[in-house]
Amino acid sequence: MTVFELSPLYRHSNSVTLSTTNNTSVSAIVNQRFVQRDIHDLRITSTQLLPVTNTVSNENNKEKDKESIQIQSSINGNLVLAIPTPILKSKHAFIINTSPATRHTNGAGTEDDPYAKLEIGQEGAVAMAWSKSTSVNDAVLVWSASHLKISIFRLSAPTSPALYIHNPKLNPPVGFSFRPKDGRYLAVVERHQGRDHVGIYDAQVWKLVRHFPLPSTSSDVADLSWSPCGRYIAIWESAVDYILHIYTPDGRLLSTFTPYTPSSPSPSSTPTTEEDQARIDRSQSSWVGLGIRCVEWHPTGDWIAIGGWDGKIRVLSRVGWVAVAELSCPAKVGGGVNIWKEPEGWIEKTRGKGIVTFDTPTTTTTSLNPLRPDLGRPNPRMGISKLAWSSEGKWLACCNQSHPTALWVFSFLSPSHSSPSPSSSAQRPALHFRPRLQSLIIHYSAPGTLGTSNEKAQGIVREFGWRPTRGQEEEAEMLVATTGQGGFTVWRETPGVEGCTAEGVGIPSRTTFAPVALSFSPDGSAILLNDREMFAVAYPVEDEDIERERDGERSWYEDDD
């Protein structure tokens with residue numbers, strides 16, 4: 001069983017973030033002031049007023065709009081990048097050093113002045129990001145306007161000129177990817193002489209190590225992603241085509257996946273079942289719809305899940321890079337699937353206090369009413385909008401825009417039923433690839449309020465993610481989701497026949513607090529929940545931790561921010 005400790009609410013000015021590698025701080029901007037808090041009790045550990053202008057002129061030059069600031073934590077958590085928005089007008093940023101011991105060594109601030117000002121240049125910028133190299137993590141990447149270049153500023157060498165990567169095709173959050181775990185190499189989508197290329201750069205010395213074009217002169221890359229194992233790079237094209245390429249970091253093309261193309265290779269063997277024949281027929285038919293919408297690597301890098309605008313999820317195996325599973329989100333769900341429905345008005349009835357278990361329907365089948373997309377508008381609300389693997393890779397959660405109030409949870413890896421050998425009895429059982437729909441979570445939406453143009457409709461899934469596991473034996477994995485209401489949804493594994501449960505966790509508040517975003521601390525011990533003005537931190541407490549927590553309650557530091 002898991003319960004939650006909830007912190008009081010704290011204000012922020014539309015920007016709050018957790019430290020990315022350590023588990024010590026949460027940073028926020030409050031009225032042009034940077035405020036850092038200890039993650040355990042939320043006491044203020046650092047604060048700094050930033051010298052930004054309070055107003056900027058709008059296009060009509062009749063009114064004054066307040067300038068806002070976005071923040072990003074560096075890989076080590078000691079440096080925070082504060083970006084005034086809009087960046088094109090401000091043309092500068094601030095680097096805040098929250099560690100006094102390193103202010104003289106990394107070029108960010110001094111003992112009396114704990115921040116440094118970064119001049120972007122007259123061309124302005126559209127985005128900024130930290131380097132993710134774990135060995136040399138003091139570089140800031142700045143994307144200039146009109147896709148001219150990426151400027152690389154090294155804080156350890158403040159007097160040295162900036163380095164440049166020319167002609168980036170895309171702007172963050174797409175178009176670039178660091179190699180996971182160590183961040184040693186950076187892959188960037190570039191456009192040279194009318195053709196898409198990929199450049200591989202060494203993030204320690206910022207040198208080009210590989211540069212290769214896409215296989216076709218008409219390729220239109222939408223994004224790329226490095227596999228968690230670091231051995232492969234997935235590159236997929238725009239929504240006009242359903243095409244995904246698998247490359248090695250040295251530029252070798254391993255495979256191209258095109259399920260709706262007549263040029264797909266023929267199977268080497270005769271299909272044995274009707275399902276195999278139907279899959280072959282689909283792969284050899286023409287396709288006039290939209291293509292790939294999202295891609296997510298399995299934590300091991302052995303599989304990659306592709307979510308399409310057609311509402312299907314295709315899972316490729318690194319053995320041959322062929323589709324080993326094709327999943328869908330059916331409008332009618334029958335037996336064998338755990339269905340959970342959010343109780344109507346539970347937040348108002350409980351006043352946001354306590355945990356409420358979702359209802360299970362009494363009928364054997366449950367039907368959903370899909371929204372009809374407006375096909376006359378660009379990027380219609382349809383298809384798989386997000387995929388998320390669990391930390392151990394046993395579960396895959398997805399959201400289908402045709403059913404915006406539903407969360408689908410697929411199980412992929414199940415324990416082997418064969419008895420372990422005596423020599424391996426103390427080890428975990430082997431896992432086998434068995435994809436199936438395990439759970440469906442349906443959030444409540446008042447009749448008539450859910451529409452294709454209603455952004456504030458009740459019950460729409462705004463954000464979801466898996467809690468990072470702590471590496472403990474048989475640790476239950478947990479999925480958390482926000483729907484813009486005064487609480488959040490938790491799905492987790494449980495022992496028993498059903499194997500899972502879905503609950504609503506209320507957030508008591510005297511003011512309106514409707515979290516729409518969430519993020520986890522690296523060890524999963526804290527969950528940051530925020531809307532546009534307030535944030536709170538939820539602390540999961542396991543059974544084994546309850547006795548320890550009884551020895552002393554967590555004390556909170558409240559202030560008038």
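A residue counts as partly exposed here when its relative accessible area lies between the buried class, under 20%, and the exposed class, over 50%. I shall use that definition throughout, and I should say at once that the model before you is a predicted one.

Allow me to start with the salt bridges. In general, side chains of opposite charge can pair when their charged atoms come close. In this model the count comes to 15 salt bridges, and I shall discuss several of them.

Consider K386 and E463, whose side chains meet in a salt bridge at 2.2 Å, N to O. This pair links distant parts of the chain: K386 belongs to strand β33, residues 384-389, and E463 to strand β37, residues 463-466, with the two positions 77 residues apart in numbering. How accessible are the two partners? K386 has 27% relative accessibility and therefore counts as partly exposed. E463, at 26%, is likewise partly exposed, because its value falls neither under 20% nor over 50%.

Some of the salt bridges share partners, and in this way K169, R191, D196 and D220 are joined into one network.

Next, D310 and R314 form a salt bridge in which the closest N and O atoms are 3.1 Å apart. Is each partner buried or partly exposed? D310 has a relative accessible area of 22% and is therefore partly exposed. R314 has a relative accessible area of 2%, so this residue is buried.

A further salt bridge joins the side chains of E119 and K117, at 3.8 Å from N to O. K117 is partly exposed, since its relative accessibility is 49%.

I turn now to the strands. As a general point, strands of a sheet pair through backbone hydrogen bonds, either parallel or antiparallel. One open sheet in the model has 4 strands in the order β9-β10-β11-β12, and their pairing is antiparallel. Its edge strands are β9, residues 68-73, and β12, residues 115-119, each of which pairs on one side only. On average, neighbouring strands of this sheet are turned by 25 degrees against each other, direction ignored. Between β9 and strand β10, residues 79-85, there are 6 bridges, and the two run antiparallel. Within that pairing, I69 has P84 of β10 as its bridge partner.

Finally, I draw your attention to strand β13, residues 125-130. This strand is mostly covered, with 5 of its 6 residues buried. Strand β14, residues 139-144, pairs with β13 in the antiparallel sense over 5 bridges. There, A125 stands opposite S144 in β14.

Note on methods
Residues are numbered from 1 along each chain as its sequence is written. This is a predicted model: local features need pLDDT of at least 70, side-chain atom pairs count only at pLDDT 80 or more; totals for chains, interfaces and linings use all residues. Side-chain values use heavy atoms; hydrogens and water are left out. Buried means under 20% relative accessible area, exposed over 50%, partly exposed in between (1.4 Å probe, protein chains only). Two strands pair if DSSP finds at least two bridges between them. Axes are lines fitted to C-alpha atoms, for helices over the stretch in contact, and angles run from 0 to 180 degrees between N-to-C directions. A salt bridge is a side-chain nitrogen of Lys or Arg within 4 Å of a carboxyl oxygen of Asp or Glu.
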